[in-house]
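Please find below a few numbered remarks for a colleague, to be read with the model open alongside them. They take two single residues, one set of strands and the overall picture in turn.

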Amino acid sequence: MSPQQFGPPEGADRFDPRFDVNARYDAASEGPIELHADTRCVYRLAFAAIDTAGCPEPLRIGRVGIRLLAGPVRTTKTVIQQRMPPPLVFDKHMETGVAVGMGRMLLLCEIEDRVDGDLNFKIDTWRDEIVATVGLLTAVLDERLAREEILEDVLIFDPDGTHGATVDWTRFLRHFYPREINTDDRASLAQLEGTDLTHGGGALGTACRYYRKGTLEVPPDSVVHFWTALKALRRRSEKAVGGVERLVAEAGLRGPPEVSIRDLWKLRNAVVHEGASEHPLLHEGHYLLEALVRGLIRYRAGVGTNPTSWPLPVNQAVFPHTPDVGIPGDWIAAQTVFHEDGLPPARPAAPPRT
């Protein structure tokens, strides 16, 4: 079996534009958010809660302010839908003053900070800090205080101290290539009909669940989820690196020569044991691990690692009818179309333009 590549093809960009982790938040505004020097912001993350008598008011852990209150809380809500490309167009509808958490008790967590640069980077750090804080709070008391997430936004204040804007965003906004389900894909789907994932689905089911968790996260958390999926697929008696290396060889996968399975394992250890959030392999490792887990799940599911395994050079899976075509320039630059009265009706996808 000839090796199939789980890393980016030679000469291709290292990062897949379907998931640009450097621009994964799409702010709910018509254009860039204007941040003056030393802009005052309040990041808010709220959870559904079960009321508890005697909770201190206000409660503070570190710099996180915590309040237990009755909903609703007003925020901005944005819905985004990518059209079938090309071109790359996002339809967007935004509502302000939306009441969330009506009739429910909420745990509202807030961080007040100053921003004069990258709001995206701040959102990352604020979110991680509050999630860790809530984890600490619920470990000391119990998890009734923070159930599912209800709200996430940023209040931005003008220089005179008045509330200027409420910003929400779409997390993990992915840019998808034009694609149609081809003959190989349909054959793979037919093979899955007899797959038994009842009672947790065993090792394959565990790997699939943690692969899914990884695709809905960003590094560093995604790295841990992807490695959990890989460890589920190896034999229980095997070491993590050796077991994955054996599976990779069996499946006929290969990655870029400059990044080994051991390098990816060291990345996971740095995240878990050192809290690494700026590791030099962090973003590249996310892409490689996502592709590696996906290839090994296909292998264990019995659908092989045929040429439609992701990621591929653009001229194979993306444009199957025109093997020499590159990415069309008219979809690389994303366009946004705002709609005041809601998103337009969804339309069935047409075959990619060739």
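1. His93 belongs to strand β7, which covers residues 89-100, and I would begin with this residue, bearing in mind throughout that the model is a predicted one. With a relative accessible area of 11%, His93 counts as buried, because that value falls under the 20% limit.

2. The side chain of His93 takes part in a polar contact of 3.4 Å with the side chain of Glu95, and the His93 side chain also comes to 3.2 Å from the backbone nitrogen of Gly342. When neighbours within four places in sequence are left aside, the residues in contact with His93 are Lys77, Thr78 and Val79, together with His339, Glu340, Asp341, Gly342 and Leu343. Gly342 therefore appears both in this contact list and, through its backbone nitrogen, as a polar partner of the His93 side chain within the 3.5 Å limit.

3. Strand β5, made up of residues 64-70, is mostly covered, since five of its seven residues are buried. Strand β4 (residues 59-61) runs antiparallel to β5 and is joined to it by three bridges, one pair of bridge partners being Ile61 and Val64 of β5. The two strands form a hairpin with two residues between them, and in the turn Gly62 has a positive phi of about 65 degrees.

4. β5 also pairs with strand β8 (residues 105-115), again in the antiparallel sense, and here the pairing extends over six bridges. Within that pairing, Leu69 has Leu106 of β8 as its bridge partner.

5. Ala229 sits in helix α4, which comprises residues 221-233. Its relative accessible area is 0%, so Ala229 is buried. Not counting residues up to four places away in sequence, Ala229 touches Ala207, Tyr210, Tyr211 and Val293. A further reference point is Arg212, which lies 17 residues from Ala229 in sequence and 9.3 Å from it in space, taken from C-alpha to C-alpha.

6. As for the protein as a whole, the model contains eight helices and 13 strands, and 45% of its 354 residues count as buried. Among contacts with a separation of 6 or more, 75% are accounted for by residues 24 or more positions apart. The protein exposes about 18600 Å², of which carbon and sulfur atoms supply 52%.

Key: Residues numbered from 1 in each chain as written. Predicted model: local features only at pLDDT ≥ 70, side-chain atom pairs only at ≥ 80, totals over all residues. Heavy atoms only, no water. Buried < 20%, exposed > 50% of the residue type's maximum accessible area, 1.4 Å probe, protein only. Helix = DSSP H or I, 4+ residues; strand = E, 2+ residues; numbered from the N terminus. Pairing = 2+ DSSP bridges. Polar contact = N/O pair within 3.5 Å; in protein donor to acceptor, adjacent residues only side chain to side chain. Contact = heavy atoms within 4.5 Å. Areas by Shrake-Rupley, 256 points an atom, 1.4 Å probe, with all protein chains shown as cover.
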